[in-house]
Amino acid sequence: MDLERLRAVRRNRAIVNPRGTTGHASHNSGTGAISRALEPVTSRGGLGSGDLLGLQGALGNKAVQRLLASGSTMRAAAGYMPIQRKLNWQGTKWPSAKFLDASSGGGGGVLFAGEKGYEVVVKPGEDMASESAMAALLHNEVGQSGKHKLVTAPGTRIVAPKERAQIKTALLPLVPSAGANAPDVKGPKGKTAKNQRAQGLVGMLDQPGVIVQDIAVGQEFGDAVGKATKTDPGKKHTEKKLLGGRKLRKDSPLRIFKDVRSIEALGMTTAVDLFTGNKDRLFMFNKENFFVTPYSLTMIDNIWMGTDMSYFQTTKINDDFTITVDSAMQVWKSDPEVKALAANNYDPISNRIWDMVIQSAASSTRKIDSGSFKDVMAPYESRFKKTFTKGLIAGKKSLVTSLNGLLKDPSKLQKIAPGVDLTQILATMKKRKDFLEGNDI
């Protein structure tokens, strides 16, 4: 995951804290803080879900709730008016684009566009565009169905041919400015490299496989945790206990693995990941593939191209290789964790995720933190596994409900995949749902 995408997030400036407190409530409650927090919202004339999370982080949940209920400026701004910003991921007004940048890392890369900065992600050359849109939709529906409603995913849609031409027309004149804010250094993070990447990506915009995504909310978990080096010890995550031993500091993002709301939410999203064949998150503990704030978990890169089981339709990879829908289904059905989820045998899944958390969550931190993390977390092992299993159960139930709705009326999926033949996608969704419900396919 690129640092640009992290910087693009309209996030709160508080240290990530799953308990939802910044430790500076007195600074957040004044009218000056409210005015400053509202300024970018009122200037755009509307409020998006990312803005709400940012305001919660800046002001606190209770303050935002009071403002929403008070009939104040916040309520006017947050009146859920249809116009949130001109470059929203849906109904995007491409002629309003005045800013363009390109990512510096990753595979093929992505473009960031907006009126004044990072507002939407444009990704050309997506081979699994339909699966990506479907996965984001499912993560949002399941993640928002729980009691705590912590999980979201950046909205994702496939761009129709006519709009692809509009995007290229709007972004092509901005290419010379792409990378202007990057340092003048050699390598992928420099101005020249980023500008060259932007040129290449814009040149692909008239080809099939273009998707538009919302900007992710929060901070990439790996960056929230930080990385210790020889010259920089990084962030502190543990501290001494009064009677010996160590404990997690109150401002450490590692606390999400003690917080029952977050654990349950991770269990719910893992049910979706198993359905879509994505094991490149908690099963491999990829710190780049989820974002955190005090109030949310955001799932990104929701399709894993490293396995055949992520494919929901026959796909030609190159001239010599094609993944068929039937072969992908067989790989998916044979996966041990998928079979466990289908059999309601949740313990092996929860046990594996616990092992990955203990092994990897603190691995990049300073030695005293990474070395003590296992002991610090030991008292919470039983609670973690029990709560994660609860999330798996709730996630599977919600997933089936969501799938039943989409299969009965696919218009919600077709809306984010205009002009795309979803016949194989829908058929695979039904077969996988049946398998998870214990029906032989």
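# Worked exercises on helix packing and loops

Helix 12 touches helix 18 through Val-325, Ala-328, Met-329, Trp-332 and Lys-333, and their partners across the contact are Gln-424, Thr-428, Lys-431, Arg-432, Phe-435 and Leu-436. Sorted by class, this contact has six nonpolar, two polar and three charged residues. Before you start, keep in mind that you're working with a predicted model.

## Exercise 1: Helix 12 against helix 18

Work out whether helix 12 and helix 18 are roughly parallel or antiparallel to each other.

**Solution.**
- Step one is knowing what to look up: a pair of packed helices is described by the angle between the axes and the distance between them.
- Next, get the values: helix 12 (residues 325–334) and helix 18 (residues 423–436) pack at an angle of about 25°, and their axes are 12 Å apart.
- Now apply the cut-off: angles under 35 degrees count as roughly parallel, so helix 12 and helix 18 are roughly parallel to each other.
- To finish, add the handedness: helix 12 passes helix 18 in a right-handed crossing.

## Exercise 2: Helix 7 against helix 11

Do the same for helix 7 and helix 11, and find which residues make the contact.

**Solution.**
- Start with the geometry: helix 7 (residues 129–143) packs on helix 11 at an angle of about 155°, with the axes 9 Å apart.
- An angle over 145 counts as roughly antiparallel, so that's the label for helix 7 relative to helix 11.
- Then the handedness: the crossing of helix 7 and helix 11 is right-handed.
- Helix 7 puts in Met-134, Ala-135, Leu-138, His-139 and Val-142, and helix 11 answers with Met-268, Thr-269, Val-272, Asp-273, Phe-275 and Thr-276.
- By class, the contact of helix 7 with helix 11 comes to seven nonpolar, three polar and one charged residues.

## Exercise 3: How enclosed are helix 11 and helix 14?

Find how many residues of helix 11 are buried, and which residues of helix 14 are buried.

**Solution.**
- Size up helix 11 (residues 260–276): its 17 residues reach 25 Å from the first C-alpha to the last, close to the 24 Å expected at 1.5 Å a residue.
- Count the burial: 15 of the 17 residues of helix 11 are buried, so this helix is largely enclosed by the rest of the structure.
- See what comes after: helix 11 is followed by Gly-277, with a positive phi near 80°.
- Move on to helix 14: its 14 residues reach 20 Å from first C-alpha to last, close to the 20 Å expected at 1.5 Å a residue.
- The buried residues in helix 14 are Ile-349, Ser-350, Ile-353, Trp-354, Met-356, Val-357, Ile-358 and Ser-360.
- As for what covers the buried residues of helix 14, the cover includes helix 11, helix 13, helix 15 (367–377) and helix 16 (381–408).

## Exercise 4: Two residues with positive phi

Where do Asp-301 and Asn-344 sit, and are they buried or partly exposed?

**Solution.**
- A bit of background: most residues other than glycine have a negative phi.
- Asp-301 isn't a glycine, yet its phi is positive, near 50°. Asn-344 isn't one either, and has a positive phi of about 60°.
- Place them: Asp-301 is in the loop between strand 11 (297–299) and strand 12 (315–318), and Asn-344 is in the loop between helix 13 (336–342) and helix 14 (347–360).
- Check accessibility against the range of 20% to 50% for partly exposed. Asp-301, at 35% relative accessibility, counts as partly exposed, and so does Asn-344, at 45%.

## Exercise 5: Far in sequence

Pick out the distance in space between Gly-218 and Thr-298, and between Ala-136 and Ile-303.

**Solution.**
- Locate Gly-218: it lies in the loop between strand 6 (211–214) and strand 7 (219–220), and at 1% relative accessibility it counts as buried.
- Gly-218 and Thr-298 are 80 residues apart in sequence, but 7.2 Å apart in space, C-alpha to C-alpha.
- Then take Ala-136, in helix 7, which is buried with a relative accessible area of 2%.
- Ala-136 and Ile-303 are 167 residues apart in sequence and 9.0 Å apart in space, C-alpha to C-alpha.
- Leaving aside residues up to four places away in sequence, Ala-136 touches Ala-153, Pro-154, Thr-156 and Asn-302.
- Zoom out: of the contacts in the protein between residues at least 6 apart in sequence, 71% join residues at least 24 apart.

Methods
Residues numbered from 1 in each chain as written. Predicted model: local features only at pLDDT ≥ 70, side-chain atom pairs only at ≥ 80, totals over all residues. Heavy atoms only, no water. Helix = DSSP H or I, 4+ residues; strand = E, 2+ residues; numbered from the N terminus. Expected span 1.5 Å × (residues − 1). Buried < 20%, exposed > 50% of the residue type's maximum accessible area, 1.4 Å probe, protein only. Axes fitted to C-alpha atoms, helices over the stretch in contact; angles between N-to-C directions. Parallel < 35°, antiparallel > 145°, perpendicular 65-115°, else oblique. Left-handed = near helix turned anticlockwise from the far one by under 90°. Contact = heavy atoms within 4.5 Å. Nonpolar A, V, L, I, M, F, W, Y, C, P; charged D, E, K, R; others polar.
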